[in-house]
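This report describes the sheets of a two-chain model and the way in which the chains meet. The sequence and structure come first.

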2 protein chains.
Amino acid sequence: MAKHDIGFAAVARLAGVSNATVSNTLNRPEIVAPATRERVLAAIAELDFVPNRAAATLRQGTNRLIGLVIPDIVNPFYSAITRGVTEAAAERGYTVALCVSHDDPDLELQHFEMLAEHRAAGALVAPLTADASRLAQLRRVGSRLVLMDRTAPEGTGCSVAIDDVRGGELAVAHLLATTGGRGPIVLVNGDRAIPQCEDRREGARNAFIAAGIDPDELVEVTAREMTVDAGREAGRDIAARTPDAAGVFCTNDQLALGVIRGLNDGGRDVPGDVSVVGYGDLPLAADGRVPLTTVEQPKDELGRVAVEILLAELGTDRSSHTHVARTLEPRIVVRESAPATSRDSIPAS
Amino acid sequence: MAKHDIGFAAVARLAGVSNATVSNTLNRPEIVAPATRERVLAAIAELDFVPNRAAATLRQGTNRLIGLVIPDIVNPFYSAITRGVTEAAAERGYTVALCVSHDDPDLELQHFEMLAEHRAAGALVAPLTADASRLAQLRRVGSRLVLMDRTAPEGTGCSVAIDDVRGGELAVAHLLATTGGRGPIVLVNGDRAIPQCEDRREGARNAFIAAGIDPDELVEVTAREMTVDAGREAGRDIAARTPDAAGVFCTNDQLALGVIRGLNDGGRDVPGDVSVVGYGDLPLAADGRVPLTTVEQPKDELGRVAVEILLAELGTDRSSHTHVARTLEPRIVVRESAPATSRDSIPAS
DNA sequence: TTGAAAGCGCTAACAG
DNA sequence: CTGTTAGCGCTTTCAA
């Protein structure tokens, strides 16, 4: 009885079937005769049997495990993505290995090493800073990759991202429609070397063009950081230098919150005198003293779609696989800081 | 050469050693002669060899994998814990399987099932609602458990928690010391059926006792929810019914933020007329219009300690193991909403 | 529809 | 210090 009291063998013996039938019952129940299946299931329950995934992984060479590699779990943007990923993965019977990279390439590589050792099915990566070479390196590590919040260069791999150009356009179109030329529109942006900042700006300019206005009329202010404090400075600055500003678009919510305060410091009321739109729809946007109109990103969906893409990719064979680069649409959430007016009832664009 | 081009065998052949020596170089380098070790390492690098953890897990019966089971990853309290856990785990070569339970016992059980299949070394669980029977059930699933943010009943298992009684005491001691009897102190609390609410209240009362005041002098207000909106209502209420209040302690930061606004609505200035203390030190506490004095919980440390306890437990054998129940100390962070005064220079208690 | 059997790649005695 | 060897528990042909 030595080797009969553990693993499939024990179940098989109790159910009076073979090892293989136990495996089939668990993995391809449809090919097992109902009666047999019942007996096996009963034996499993009886023995409190828990299959050993390590054995399956060893045998199959791959694990139902997805690596999720993000720079920071405390950041609400990434934690929202993470929620989408964990949910989608759990629904499909996959386990998520959470790897926090702190944007450190060495740590990131270490995480990939571990995922490879575990024979993870693949990895979902949200790189903070990611030059092409770093990405190429990651791809080389082996497991299949889906890039999140970044579009993979043509033909290099799969990715899901949120359309930031469109988001900027939505924000400024709203401002244009609701302030109706009452005064200049100001863009408070971070460093344009950051792709998000550059894209959102481009969208802002597109909105001008769509409205038949010269995009150079957009007044641009660069904050030294994308924080509440830097936003406040920018807001004061605007109150002083562009006192007739009718609307301000900030490329993130922290900035927007600060700008409102800075504007107040300078004696301007929001939304009475100036409308302010943020970006990201962080929790703080809804809870502030003046609830923020902001561009909402479908972060949850980003995560879910990333899982879908990865699992779809698993079906295809490595060589003959066409990469997909999905883009998700942001949405504007209108709150008090930049309220709707009758003019806005026809959606811009 | 069939079986020589993969796994330890390939490395062993290239390095001119045996299988076992490869294993030893990787797992117990100190017992391998330096020269041999070098040769093996060189071979590994040469072949881009990635060891297969599944094989090791199968052989050893246990995986260097820790399950982290939390109700919600978007909640900043849990994401902060998660950060601590992922960091501590990565430092020790463990992988973290993130399981989000949404406080659903079925889902939670499913996650435990998966962890068991993976032969996880153990699990760290932060139960939102957890009656004894549910915990007992989890413990039965097999893998070793460490409870987080909850103290395990005497002798039932390991746990790490943050001392909420102490936190409440710190908050109210600060209020007492800085308002010095100028007026009543108000407690804005949630439902006392929630252990945290009950504990923080107890601490508040302890602070009264320590100051030689009858704890029944603490004015208690119960908010219908622990949200900004409910806090605002409570704040208005206080302005109307306890106009001479000198200090308010709210059992979370959302409540505190709302209370400040409600107090303002009622014409009371914070901190001019009233000091307000929150609890939790969420990001919104520091960034609000009036930066919040609040009780900071060492969430990161909670996560790190949980990992340490689990890994320590792994060393001991199952039967002869004494459970540890660690308690972490909160700390008060003084900001503008309840500033320090000279009277406060001597720490209360 | 079910069974027999050959490994998957690694670890841990044990022997040398 | 290094080598030999016997599995860990599952999947997957192939045959019955």
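In strand β9(A), Val277(A) is the bridge partner of Phe249(A). Helices (H or I, at least four residues) and strands (E, at least two) are DSSP runs numbered from the N terminus, and two strands pair if DSSP finds at least two bridges between them. The model is predicted: local features need pLDDT of at least 70, side-chain atom pairs count only at pLDDT 80 or more, and totals for chains, interfaces and linings use all residues. Residues are numbered from 1 along each chain as its sequence is written, with chains lettered from A and ligands numbered from 1 in the order in which they are written.

**Sheet of chain A**

Strands β8 (residues 247-250) and β9 (residues 275-279) of chain A pair in the parallel sense over three bridges. An open sheet of six strands in chain A, with mixed pairing, has the order β7-β6-β8-β9-β10-β12. Its edge strands, β7 (219-222) and β12 (331-333) of chain A, each pair on one side only. On average, neighbouring strands of this sheet are turned by 20 degrees against each other, direction ignored. Axes are lines fitted to C-alpha atoms, for helices over the stretch in contact, and angles run from 0 to 180 degrees between N-to-C directions. Two residues are in contact if their C-beta atoms, placed from the backbone, lie within 7 Å.

**Sheet of chain B**

Chain B has an open sheet of six strands with the order β7-β6-β8-β9-β10-β12 and mixed pairing. Here β6 (residues 185-189) and β7 of chain B pair in the parallel sense over four bridges. Within β7(B), Thr222(B) is the bridge partner of Asn189(B).

The helices that lie across these sheets are listed below.

| Helix | Strands crossed | Angle |
|---|---|---|
| α8(A) (residues 164-179) | β6, β8, β9, β10 and β12 of chain A | about 170 degrees to β9(A) |
| α11(B) | β6, β8, β9 and β10 of chain B | about 155 degrees to β9(B) |

**Chain-to-chain relation**

A turn of 180 degrees and a shift of 0.1 Å along the axis lay chain B on chain A with an RMSD of 0.2 Å. This is the relation of a two-fold axis. Copies are superposed by least squares on the C-alpha atoms of residues with pLDDT of at least 70 in both.

In the interface, 33 residues of chain B are in contact with 33 residues of chain A. Among the elements of chain B that each supply at least two residues to this side are α4 (53-60), β2 (95-100) and α11 (253-265). The largest share, six residues, comes from α5(B).
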